[in-house]
Amino acid sequence: MKPALAEPVATLPRGEGLAYEPKFDGHRMLIFKIDGGAVLQARSGRIVTSAFPDLAEAALALPDDTVLDGEVVVWSGGRVDFAAVQRRAAATAARAGTLARRMPASYAAFDLLGEGGEDLRSAPYERRRQRLTALLGPLGPPLQPVPMTTDPELAATWFETLPAAGIEGLVVKHLGRPYRPGARDWRKLRHTDVHDAAVTGFTGPAARPVALVLVLPDDDSPVVSSPLPPALRPRAGQLLAGRTTEHPEGVPGTAMAIGIGEVPYRAVEPGLVAEVERGTTRHTVVTVHRIRDDLINQV
């Protein structure tokens, strides 16, 4: 199933019939409870059930034929840790259980698409929200609804204060509109254009990478950055040293390079985070400003 999407805006939308939710810096995920089991799907369509056994187990408490839309996050030190989320998402089945115990995931649900076999996508958001809170309220963490308000002043306060917890902005929805998979009916206001992305690989020589391969928040499809600044390449090579991995299928990985198509790259172990900026000319361009090693060593 394709998830609904959001269109970026530069200012906080105001008006009658609007709802505001915090936008978490994590991985988008749909949860399906089907025939007594749970299936977890990333935004790209990839099935990631084995990488999140803690969430899959929690989803067993949902009624059969229930579908949730939301964001997977990992909390560390009182804020969202995107590097930890990426480690969880990239875990093999053998490692997933250990990582789940060390870095338990939370699921910030923001929509209910079906419950007990009833398709709710055509229902207005206000009704879906009521059903969502009624469903998840008794269950509690790690499955929980995101906060929501219809007060634009409270939303503005959230926008100014929540970045300290790793919340990157707001998502704005119309109370009366249905859920339309793949459509950009929602609006998203980011606090800054610079945010974290997980480094999953690189192109060019290992000592002086030409570009980084990144997984951006709210998505799990790798993209290639713009060429790194010359001054950043040697230090990037130092941080990437020793992190290269073999592709699971034994062939080079491929990622989408804007305006070019798919290009091969060398994969690296999770743990590096890049501070990136997304700009738009004819195509969306991802520019790397800084690289962090486990949120400690900065370039």
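Let's start with Val 48, which has a relative accessibility of 5% and therefore counts as buried, the cut-off for that label being under 20%. Keep in mind as you look around that this is a predicted model. Val 48 does not belong to a helix or strand of its own; you will find it in the loop that links strand S4 (37-42) to helix H1 (53-59). Setting aside residues within four places in sequence, the contacts of Val 48 are Met 29, Leu 40, Gln 41 and Ala 42. If you would like a distance to check in your viewer, try Val 48 and Ala 93: their C-alpha atoms lie 9.7 Å apart, while 45 residues separate them in sequence.

From here we can move to a sheet. Its four strands follow the order S1-S12-S11-S2, forming an open sheet with mixed pairing. At the edges sit strand S1 (6-8) and strand S2 (18-24), each of them paired on one side only. On average, neighbouring strands in this sheet are turned by 30° against each other, with direction ignored. A helix comes in here too: H5 (residues 152-161) packs on the sheet and touches S2, strand S11 (167-174) and S12. The direction of H5 makes about 10° with that of S2.

Now zoom in on the pairing of S1 with S12. These two strands run parallel and are joined by three bridges. To pick out a bridge on screen, look for Ala 6, whose partner in S12 is Trp 186.

S12 covers residues 186-190, and Arg 190 is part of it. Is Arg 190 buried or exposed? Its relative accessibility is 18%, so Arg 190 counts as buried; the cut-off is under 20%. Leaving out residues up to four places away in sequence, Arg 190 touches Phe 159, Glu 168, Gly 169, His 195 and Arg 278.

Our last stop is helix H6 (residues 233-240), where the buried residues are Arg 233, Ala 236, Gly 237, Leu 239 and Leu 240. Why do these residues fall on the same side of H6? They span an arc of only 165° around the axis, and this places them on the same side of the helix. Some helix geometry is handy here: an α-helix has 3.6 residues a turn, so residues three or four places apart point the same way. Just after H6, have a look at the backbone of Gly 242, which takes a positive phi of about 85°.

Key. Residues numbered from 1 in each chain as written. Predicted model: local features only at pLDDT ≥ 70, side-chain atom pairs only at ≥ 80, totals over all residues. Heavy atoms only, no water. Buried < 20%, exposed > 50% of the residue type's maximum accessible area, 1.4 Å probe, protein only. Contact = heavy atoms within 4.5 Å. Arc of directions from axis to C-beta. Pairing = 2+ DSSP bridges. Axes fitted to C-alpha atoms, helices over the stretch in contact; angles between N-to-C directions.
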